[in-house]
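Me: I have a chain to go through. Can you put it up, and then I'll ask as we go?

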Amino acid sequence: MFGSFNALKRTRGLMVAQVTVVHMAETDAAGLAARRVAWVTGASRGVGRGVAVSLGAAGWAVYVTARSSVAGRTSHLPGTVEEAAAAVTAAGGEGVPVICDHTDDVAVAAVARAIMAERGRLDLLVNNVWGGYERINAG
């Protein structure tokens, strides 16, 4: 088992999931500890960020994808892929920020190819994207 969902709570007006991630030791051919690789979509804020940081705390390499970045935010809400990846790394994992518009199939495929080229595998996909903020922001 990779982890479990513990609770859903409201924090600063946002629903936040509390997740426990179980670290699963794995070694590569040389006997060295190998990081499991996760891709968390929509991870710049909220539940996606929480899951990504939890995976980081368990020692995972986490590809953090979202549209919001320091180069350009998608809304007034806080959070960027760079900040979330830094939080993953601070928690003990390896955060990899990747700007991606998940409504663009070519961009999503490029992220998948990059993960396979850099890591050779993907152990966990957390599909957490949601484009509904545009309607909220429109008022």
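Me: What follows H2, and what is the sign of its phi?
Reply: Gly92 follows H2, and its phi is positive, near 120°. Helices here are DSSP runs of H or I with at least four residues, strands are runs of E with at least two, and both are numbered from the N terminus.

Me: Before more detail, what sort of model is this, and how are things counted?
Reply: The model is predicted: local features need pLDDT of at least 70, side-chain atom pairs count only at pLDDT 80 or more, and totals for chains, interfaces and linings use all residues. Residues are numbered from 1 along each chain as its sequence is written, and side-chain values use heavy atoms, with hydrogens and water left out.

Me: Fine. How many helices and strands, and in which pattern?
Reply: The protein chain has four helices and six strands. Along the sequence they run β-β-β-α-β-α-β-α-β-α.

Me: Back to H2. Which of its residues are buried?
Reply: In H2 (residues 81-90) they are Val81, Ala84, Ala85, Ala87 and Val88. Buried means under 20% relative accessible area, exposed over 50%, and partly exposed in between, with a 1.4 Å probe and protein chains only.

Me: Why do they line one face of the helix?
Reply: Seen down the axis of H2, the buried residues fall within an arc of 155°, so they line one face. The arc is that of the directions from the helix axis to the C-beta atoms.

Me: And what covers them?
Reply: The cover includes H1, E4 and E5. Contact here means heavy atoms within 4.5 Å.

Me: E4, then. How many of its residues are buried?
Reply: Six of the six residues in E4 (residues 61-66) are buried. Ala61, Tyr63 and Thr65 point one way, while Val62, Val64 and Ala66 point the other way.

Me: Which strands does E4 pair with, and in which sense?
Reply: E3 (residues 37-41) pairs with E4 in the parallel sense over five bridges, and Val37 stands opposite Ala61. The chain crosses from E3 through H1 (residues 46-57) to E4 in a right-handed β-α-β crossover. Right-handed means that, with the strands pointing away from the viewer, the path from the first strand over the helix to the second runs clockwise. E4 also pairs with E5 (residues 94-99) in the parallel sense, over six bridges, and there Tyr63 stands opposite Val96. Two strands pair if DSSP finds at least two bridges between them.

Me: Changing topic: how many salt bridges?
Reply: The count comes to four, where a salt bridge is a side-chain nitrogen of Lys or Arg within 4 Å of a carboxyl oxygen of Asp or Glu.

Me: What does Glu94 bind to that way?
Reply: Glu94 forms a salt bridge with Arg35, with the closest N and O atoms 3.8 Å apart. Glu94 lies in E5 and Arg35 in the loop between E2 (14-21) and E3, so the pair ties together parts that are 59 residues apart in sequence. Arg35, Glu94 and Arg119 are linked in a network of salt bridges.

Me: Are those two buried or partly exposed?
Reply: Glu94 is partly exposed, with a relative accessible area of 29%, and Arg35 is partly exposed at 36%.

Me: And which residue does Arg36 pair with?
Reply: Arg36 forms a salt bridge with Asp123, at 3.9 Å between the closest N and O atoms. Arg36 is in the loop between E2 and E3, and Asp123 is in the loop between H3 (105-119) and E6 (124-126), 87 residues apart. Arg36 is buried at 14%; Asp123 is partly exposed at 24%.
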